[in-house]
Amino acid sequence: SGARAWLDAFRDAGLTRGDRVVLALPPSAAFVQVVVAALWDEFTLVTVPPPPTADALSALLDDLDARCAVAEAVHPAVWFPDDVAGPLASPD
């Protein structure tokens, strides 16, 4: 159900096949759920070690031309897991 929550959030945000998503979470249920959701919708997934700073994450998003990131850092284009490992909120 967690992967489904991520999948719904990604689709609601308009992500489509081939979009780049940065994943910067430690090993966890949320990490696996994001990987499953990204593979299901055929996103290009870039994994980086956590925790990147907001500035480092911003540079990664620009350098990789990524649509969003899933991390624990605070940034306008970042989702982060909440208590049930789903997205707390969609980015602007």
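## Working through a predicted fold

Arg 17 is exposed, with 64% relative accessible area. Keep that residue in mind, as it comes back in Exercise 2. The model you're looking at is a predicted one.

### Exercise 1: Get the layout

Work out how many helices and strands the protein has, and in what order they come.

Solution.
- Step 1: Count the elements. You should end up with three helices and four strands.
- Step 2: Walk along the chain from the N terminus. The order reads α-β-α-β-α-β-β.
- Step 3: Look at how strand 1 (residues 20-24) pairs. With strand 2 (residues 44-47) there are four bridges, in the parallel sense. Strand 1 also runs parallel to strand 3, again with four bridges.
- Step 4: Pick out some partners. Val 22 has Val 46 of strand 2 as its bridge partner, while Leu 23 stands opposite Val 70 in strand 3.
- Step 5: Add the helix. Strand 1, helix 2 (residues 29-40) and strand 2 together form a β-α-β unit, and its hand is right-handed.

### Exercise 2: Follow the salt bridges

Find what the salt bridges of Arg 11, Arg 17 and Arg 20 tie together.

Solution.
- Step 1: Start with the total, which is five salt bridges. We'll go through some of them.
- Step 2: Take Arg 11. Its side chain meets that of Asp 41 at 2.9 Å, N to O. Arg 11 belongs to helix 1 (residues 2-12) and Asp 41 to the loop between helix 2 and strand 2, so this pair ties together parts 30 residues apart in sequence. How accessible are the two? Arg 11 is partly exposed at 38%, whereas Asp 41 is buried at 16%. The cut-off for buried is under 20%, so Asp 41 makes it.
- Step 3: Back to Arg 17. Its partner is Glu 42, and the closest N and O atoms are 3.6 Å apart. Arg 17 sits in the loop between helix 1 and strand 1, and Glu 42 in the loop between helix 2 and strand 2, so parts 25 residues apart in sequence are tied together. Glu 42 is partly exposed, at 45%.
- Step 4: Finish with Arg 20, which pairs with Asp 65 at 3.7 Å, N to O. Arg 20 is in strand 1 and Asp 65 is in the loop between helix 3 (54-64) and strand 3 (68-71), so the link spans 45 residues of sequence. Arg 20 is partly exposed at 35%, and Asp 65 is exposed at 56%.

### Exercise 3: Find the buried side of helix 1

List the buried residues of helix 1 and say how they are placed around its axis.

Solution.
- Step 1: Collect the buried residues: Gly 2, Trp 6, Leu 7, Ala 9 and Phe 10.
- Step 2: Check their spread. They cover an arc of only 165° around the axis, which puts them on the same side of helix 1.
- Step 3: Recall the helix rule. An α-helix has 3.6 residues a turn, so residues three or four places apart point the same way.
- Step 4: See what comes after the helix. Helix 1 is followed by Gly 14, which has a positive phi near 85°. Gly 14 is partly exposed, at 36% relative accessible area. Leaving out residues up to four places away in sequence, Gly 14 touches Asp 19 and Arg 67. Gly 14 and Arg 67 are 53 residues apart in sequence, yet their C-alpha atoms are 9.8 Å apart.

### Exercise 4: Look inside

Say which element gives the most residues to the largest nonpolar core, and then check the faces of strand 3.

Solution.
- Step 1: Size up the core. It has 14 residues, and those with the most contacts inside it include Trp 6, Phe 10 and Val 70.
- Step 2: See who contributes. Helix 1, strand 1, helix 2 and strand 3 each supply at least two residues. Helix 2 gives the most, with four.
- Step 3: Don't miss the second, separate core. It has eight residues, among them Ala 24 and Leu 57.
- Step 4: Turn to strand 3. In a regular strand the side chains alternate between the two faces of the sheet. Cys 68 and Val 70 are buried on one side of strand 3, and Ala 69 and Ala 71 are buried on the other, so both faces are covered.
- Step 5: Zoom out. Of the protein's 92 residues, 38% count as buried.

Notes:
Residues are numbered from 1 along each chain as its sequence is written. This is a predicted model: local features need pLDDT of at least 70, side-chain atom pairs count only at pLDDT 80 or more; totals for chains, interfaces and linings use all residues. Side-chain values use heavy atoms; hydrogens and water are left out. Two strands pair if DSSP finds at least two bridges between them. A crossover is right-handed if, with the strands pointing away from the viewer, the path from the first strand over the helix to the second runs clockwise. A salt bridge is a side-chain nitrogen of Lys or Arg within 4 Å of a carboxyl oxygen of Asp or Glu. Buried means under 20% relative accessible area, exposed over 50%, partly exposed in between (1.4 Å probe, protein chains only). The arc is that of the directions from the helix axis to the C-beta atoms. Contact means heavy atoms within 4.5 Å. A nonpolar core is a set of buried Ala, Val, Leu, Ile, Met, Phe, Trp, Tyr and Cys residues joined through side-chain atoms within 4.5 Å.
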